[in-house]
Amino acid sequence: MDDRLKRHDLTEDEWTRLAALLPAHPRRGHRWADHRMIINGVFFRARTSCSWRRLPETYGSWKTVYNRHRRWSADGTWETILDALRTGHDEAEERDRTSGPDSTSAGAHRHTPPGDIRPGGTFEIANW
């Protein structure tokens, strides 16, 4: 596999977290293609905005990747994965945002130094 393609593929730790959230292989019919390869193909397409038919063969048949993506979109698998990965992260983010010396119960934004614009920071015209 081309190293340029592999650098964005799932790591072992990421795969371990995802594997438990994926649907089991169907009891009837032939076995599904490798979930990890399919997910890497879906991520590649999302990252590059290529057409399904232009998906590199490294990720298997474009039609297989497309069909699995559609099936998981329709049955809620992607939402389940996102919810599971987000669990715990949102609470930690909220705790970080509201537990600073400059925070209030309303969740005030931290002050941004002059000339420094960051997401979540305040920006005043006087800083510009």
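Let me begin with helix α5, where the buried residues are Thr 77, Trp 78 and Ile 81, and I should say at once that what we are looking at is a predicted model. When we look down the axis of α5, these buried residues fall within an arc of 100°, and so they line one face of the helix. It helps here to recall the general geometry: an α-helix has 3.6 residues a turn, so residues three or four places apart point the same way. As for what that face meets, the buried residues of α5 pack against α2, which spans 12–19, against α3, which spans 35–48, and against α4.

The last of those partners deserves a closer look. The axes of helix α4, residues 62–75, and helix α5, residues 77–86, come within 5 Å of each other and cross at roughly 70°, which makes α4 roughly perpendicular to α5, since angles of 65 to 115 degrees are counted that way. On the α4 side the contact is made by His 69, Trp 72, Ser 73 and Asp 75, while α5 contributes Thr 77, Trp 78 and Glu 79. By character, the residues of this contact divide into 2 nonpolar, 3 polar and 2 charged.

Finally, let me turn to Thr 64, which is also found in helix α4. Is Thr 64 buried, exposed or partly exposed? Its relative accessibility is 29%, and Thr 64 therefore counts as partly exposed, because that value lies between the 20% and 50% limits. If we leave aside its neighbours within four places in sequence, Thr 64 is in contact with Ala 33 and Ile 38. The C-alpha atoms of Thr 64 and Trp 52, which are 12 residues apart along the chain, are separated by 10.0 Å.

Technical notes: Residues are numbered from 1 along each chain as its sequence is written. This is a predicted model: local features need pLDDT of at least 70, side-chain atom pairs count only at pLDDT 80 or more; totals for chains, interfaces and linings use all residues. Side-chain values use heavy atoms; hydrogens and water are left out. Axes are lines fitted to C-alpha atoms, for helices over the stretch in contact, and angles run from 0 to 180 degrees between N-to-C directions. Helices (H or I, at least four residues) and strands (E, at least two) are DSSP runs, numbered from the N terminus. Angles under 35 degrees count as roughly parallel, over 145 as roughly antiparallel, 65 to 115 as roughly perpendicular and the rest as oblique. Contact means heavy atoms within 4.5 Å. Ala, Val, Leu, Ile, Met, Phe, Trp, Tyr, Cys and Pro count as nonpolar, Asp, Glu, Lys and Arg as charged, and the others, Gly among them, as polar. Buried means under 20% relative accessible area, exposed over 50%, partly exposed in between (1.4 Å probe, protein chains only). The arc is that of the directions from the helix axis to the C-beta atoms.
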